[in-house]
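I sat down with this structure today and kept a few notes as I went. Here they are, in the order I looked things up.

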Amino acid sequence: MRVVRLPLFLLSIYAISVLSMAAPAAAQSPNPDIDIQCSPSNIPIDVYPGSTRVGITYCTATNPTGYSETVRITITSGGLAFAGPGSVTVGATSSITFEVTVRGDLRMPETTRVVSIAGTVETFNGAPNPNPVQKTANVMVVVKQFSRLQVEASEPFKQLRPKVDYYFEFKVYNQGNALDKFNIEVANRDELEEAGFQISLPLISTEIDAQAPAQKVNVLTRTPKIQGWTDNYYQLQFKATSDFSVRTEGIPNYQTQMVTVYVRGVYLPGFEIIPTLSMFALAAAVAYRRSDDDVEQIEKLADVDN
């Protein structure tokens, strides 16, 4: 009985050892194969002037077979410039990591692009692959919005009389890469109102598309009505601020444009100098005409008497 048990025991040990050696071999793919995984799967890119405009992802090609493989790498970048290897060699049951770089255009619009990184086994153990199958990993490239603006004054200098209304026109340009709202204000409004100005802003904010024509913004001002003679210079500071920069970028992006206002002339309560002078001139003209009519009438009477 013992003689029978010993061969059975030895046979069992042999079977277990064979199965344990066959298990790893069974895990290997019998056909050429490759797997592609990339991280990060979302790549943010800044495209504002002065930025690198570059994003990077790292891709790992894993070979589950017992063959050494040459893998062709194909990158579809959605119109973005890119850099990456054309092919990689991956040893049996091993992996290799490679870098894929994408680059955006300067000031390109805010957008999202899909970049595909595909791997195809061309050869295994030096032999051509008779049945190449492409494996693909996709990553999202996010072109980030940035804020930028420009402000112009239609009239950098203006001379006005006391107590007159005037519209100052300013132009606001959105030089960012997406729709933005711009908040409008007169930065030194309190100072001007203390000096006697009256300020009115018909528009306190405006939305402008990226790279669109300028949005015109008016500031209505009434010059001071200080009694007597006025001969003073003032600065009106027009300010536009990107709302996106305040909400998202953390630092307000604004621009200020100054206009010099020269107020010169006389203001007397109840006595407007120009209208009064105009009335004097009209009265003088009427009086002169009447004088001419009287002279002509006298001459006619003299002729009748003769």
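Which hand does the link of Cys38 and Cys59 have? I started there, keeping in mind that this is a predicted model. The angle about the S-S bond is 105°, and the link is right-handed.

**Entry on the disulfide.** I looked up how many disulfides the structure holds and found 1. It is formed by Cys38 and Cys59, whose sulfur atoms lie 2.0 Å apart. Cys38 sits in strand β1 (residues 35-39) and Cys59 in strand β3, so the pair ties together parts that are 21 residues apart in sequence. I also checked burial: Cys38 and Cys59 are both buried.

**Entry on strand β3.** I stayed with β3, which spans residues 54-62 and includes Val54. Val54 joins Ile56 and Tyr58 in a nonpolar patch on the surface. Together, the three have about 230 Å² of accessible area. I noted that Val54 counts as partly exposed because its relative accessibility is 32%, while buried would need under 20%.

**Entry on strand β11.** Next I turned to β11 (residues 149-153) and asked myself which side chains point to which face. They alternate: Leu149, Val151 and Ala153 point to one face and are buried. Gln150 and Glu152 point to the other face and are not buried.

**Entry on the pairing.** I then looked for a partner of β11 and found strand β13 (residues 165-174). The two strands pair in the antiparallel sense, over 5 bridges. Ala153, one of the buried residues of β11, stands opposite Phe170 in β13.

Terms used: Residues numbered from 1 in each chain as written. Predicted model: local features only at pLDDT ≥ 70, side-chain atom pairs only at ≥ 80, totals over all residues. Heavy atoms only, no water. Patch = residues over 30% accessible without salt bridge, like charges linked within 9 Å, V, L, I, M, F, W, Y side chains within 5 Å. Areas by Shrake-Rupley, 256 points an atom, 1.4 Å probe, with all protein chains shown as cover. Salt bridge = Lys/Arg side-chain N within 4 Å of Asp/Glu carboxyl O. Helix = DSSP H or I, 4+ residues; strand = E, 2+ residues; numbered from the N terminus. Buried < 20%, exposed > 50% of the residue type's maximum accessible area, 1.4 Å probe, protein only. Pairing = 2+ DSSP bridges. Disulfide = S-S within 2.5 Å.
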